[in-house]
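Welcome! Here is a short briefing to help you find your way around. Take a look at the sequence and structure first, then read on.

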Amino acid sequence: TLTYILSAGTEGVPLVYTGVFTDIYGNKGTTLQLGSYTPDITKPVLTVTYEGTQYYHNSNIDIERYSTLGTFTSSATDNVDTDLVIVESGDTIDLLADPGTTFVRTFEVTDTAGNSNVIDLYFDVVDTIPPLLHIYFEGTPKFDGDTIQMERLTPIGDSINNVSKIY
C-alpha cells in the first residue's frame, strides 16, 4: 500500500508530496519524497487609469453632466503569469442622465491559478455648472449713467444653456 501525504504550503514555500509504503503485515517503509510545487495564492495587481488618475480599489468618481466621458486604460501584473486578460463590463455611462445617477464599470483580471482582482468604478453624475440665460432684444437701450432703461426693447429670442429645470 502506498499512502500519499501532502504538506501544507504557503506562497513561496513548496508543497511536498511524500509517500509511505506499507506491506500487508503493516510494516512501514522509508518515507520518500515524490515531488513538489510552489502554489500561487497571490492575486494579480490591477490598475485602472481614468483621466490620468490611477485606481487600485473600488472608487467613486464625479462626472459633470453634459460633459465628455474620458478614456480608460487598465493594466495588470502577477507574480507568476505574464499574459493576463482584463475584462471590462458594466453600465453604459450616460452623461445626459439626471444628477445623482450612478453608473458602475467593473474591471476584472484572473490568473491561471484562479486568483482574481476586481475594481468597481462608480461614476456619479453631478451638475455643478450654474445656468446661463441669454435674452436677445431689438432696439437701443438708454443709459442714464446709473441704470439701463429697456422699456422700448422688444424680445426676439432667448437661449438657455445647462438648465435642467425651469421654475
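**A first look**

The chain exposes about 11600 Å², and carbon and sulfur atoms supply 54% of that area. Please keep in mind that this is a predicted model. Of the chain's 167 residues, 25% count as buried.

**Overall build**

- You will find 14 strands and zero helices in the chain.
- Following the sequence from start to end therefore gives the pattern β-β-β-β-β-β-β-β-β-β-β-β-β-β.
- If you take the contacts between residues at least 6 apart in sequence, 48% of them join residues at least 24 apart.

**A three-strand sheet**

- One open sheet is formed by three strands in the order 5-4-7, with antiparallel pairing.
- Strand 5 (53–55) and strand 7 (72–77) stand at its edges, and because each has a single partner strand, one side of each is left without a neighbour in the sheet.
- From one strand to the next, the twist averages 25°.

**Where strands 4 and 5 meet**

- Three bridges link strand 4 and strand 5, which pair in the antiparallel sense.
- Val 48 stands opposite Tyr 55, a residue of strand 5.

**A closer look at Thr 49**

- Thr 49 belongs to strand 4, which covers residues 45–50.
- Its relative accessibility is 17%, so Thr 49 counts as buried, the cut-off being under 20%.
- Beyond its neighbours within four places in sequence, Thr 49 is in contact with Gln 54, Thr 71, Phe 72 and Thr 73.

Terms used
Residues numbered from 1 in each chain as written. Predicted model: local features only at pLDDT ≥ 70, side-chain atom pairs only at ≥ 80, totals over all residues. Heavy atoms only, no water. Helix = DSSP H or I, 4+ residues; strand = E, 2+ residues; numbered from the N terminus. Buried < 20%, exposed > 50% of the residue type's maximum accessible area, 1.4 Å probe, protein only. Contact = heavy atoms within 4.5 Å. Areas by Shrake-Rupley, 256 points an atom, 1.4 Å probe, with all protein chains shown as cover. Pairing = 2+ DSSP bridges. Axes fitted to C-alpha atoms, helices over the stretch in contact; angles between N-to-C directions.
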